[in-house]
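Colleague: Please take a close look at the largest cavity and at the aromatic residues of this structure. Which residues form the lining, and how are the aromatic rings arranged?

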Amino acid sequence: QLVESGGGLVQAGGSLSLSCVASGRALSPYAMGWVRQAPGKEREFVTTIDWSGQRTRYADSVKDRFTISRDTAKNTVFLQMNSLKPEDTAIYYCTAKYSVPEVTATTNDYWGQGTQVTVSS
């Protein structure tokens, strides 16, 4: 089970930090990541991190603004979001995929329930 926290309402230019805690299994063999879905749109890949924490990838739309990290010992993944824009408004889902280096926008093994991020202009 993946449980996200840290969403909320922020003004454009502000920052938010999301956390995702896994229970019931160790995260170490899993690639982890974040996927978001805005109203009326399909799920969109945001960022991913491999099991070692050394390899990351970001969507072009969030590069240089968002940072993903993980603490395997605490079974937790983090997403630091800076310089937020209204177009970042979406439900953010934590997701995990077993034994591969990256998650995808849709074909992952586990999903959290999502946390709402709203950025006002």
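Modeller: The lining of the largest cavity consists of Q1, L2, A22, S23, R25, L27, Y30, A96 and Y110. The model is a predicted one, and every value given here is computed from it. By character, the lining residues divide into six nonpolar, two polar and one charged. The space enclosed in this largest cavity amounts to about 40 Å³. A search of the whole structure returns one cavity of 30 Å³ or more.

Two of the lining residues, Y30 and Y110, lead on to the aromatic residues, since Y30, Y98 and Y110 form one aromatic cluster. The structure holds three aromatic pairs. One of them joins Y30 and Y98 in an edge-to-face arrangement, with 5.2 Å centre to centre and 65° between the planes. This pair links distant parts of the chain: Y30 belongs to strand β4 (residues 30-37) and Y98 to strand β9 (residues 90-98), 68 residues apart. The two partners are not equally accessible. Y30 counts as buried because its relative accessibility is 7%, and the cut-off for that class is under 20%. Y98, with a relative accessible area of 47%, is partly exposed, because this value falls between the limits of 20% and 50%.

Another edge-to-face pair is formed by Y93 and W111, at 6.4 Å centre to centre and with 80° between the planes. Y93 lies in strand β9 and W111 in strand β10 (residues 110-111), so this pair ties together parts that are 18 residues apart in sequence. Its centre-to-centre value of 6.4 Å falls within the limit of 6.5 Å that is applied to ring pairs. Here too a buried ring meets a partly exposed one: Y93 is buried at 10% relative accessibility, whereas W111 is partly exposed with a relative accessible area of 27%.

Both rings of this second pair also have a charged neighbour, R43. This arginine lies over the face of Y93, at 4.0 Å from the ring centre. The charged end of R43 also sits over the ring of W111, 4.6 Å from its centre. Y93 and W111 are thus paired edge-to-face with one another, and R43 is placed over Y93 as well as over W111.

Strand β9 connects the two parts of this description, as Y98 of the pair with Y30 lies in that strand and Y93 of the pair with W111 lies there as well.

Methods: Residues numbered from 1 in each chain as written. Predicted model: local features only at pLDDT ≥ 70, side-chain atom pairs only at ≥ 80, totals over all residues. Heavy atoms only, no water. 1 Å grid on protein atoms, 1.4 Å probe; cavity = no way out; pocket = protein on both sides within 12 Å on 5 of 7 lines; lining within 4 Å. Points joined across faces, edges and corners; volume = space filled by probe spheres on them. Nonpolar A, V, L, I, M, F, W, Y, C, P; charged D, E, K, R; others polar. Phe/Tyr/Trp six-rings, centres within 6.5 Å; stacked < 30°, edge-to-face > 60°. Helix = DSSP H or I, 4+ residues; strand = E, 2+ residues; numbered from the N terminus. Buried < 20%, exposed > 50% of the residue type's maximum accessible area, 1.4 Å probe, protein only. Lys NZ or Arg CZ within 6 Å of the ring centre and 35° of its normal.
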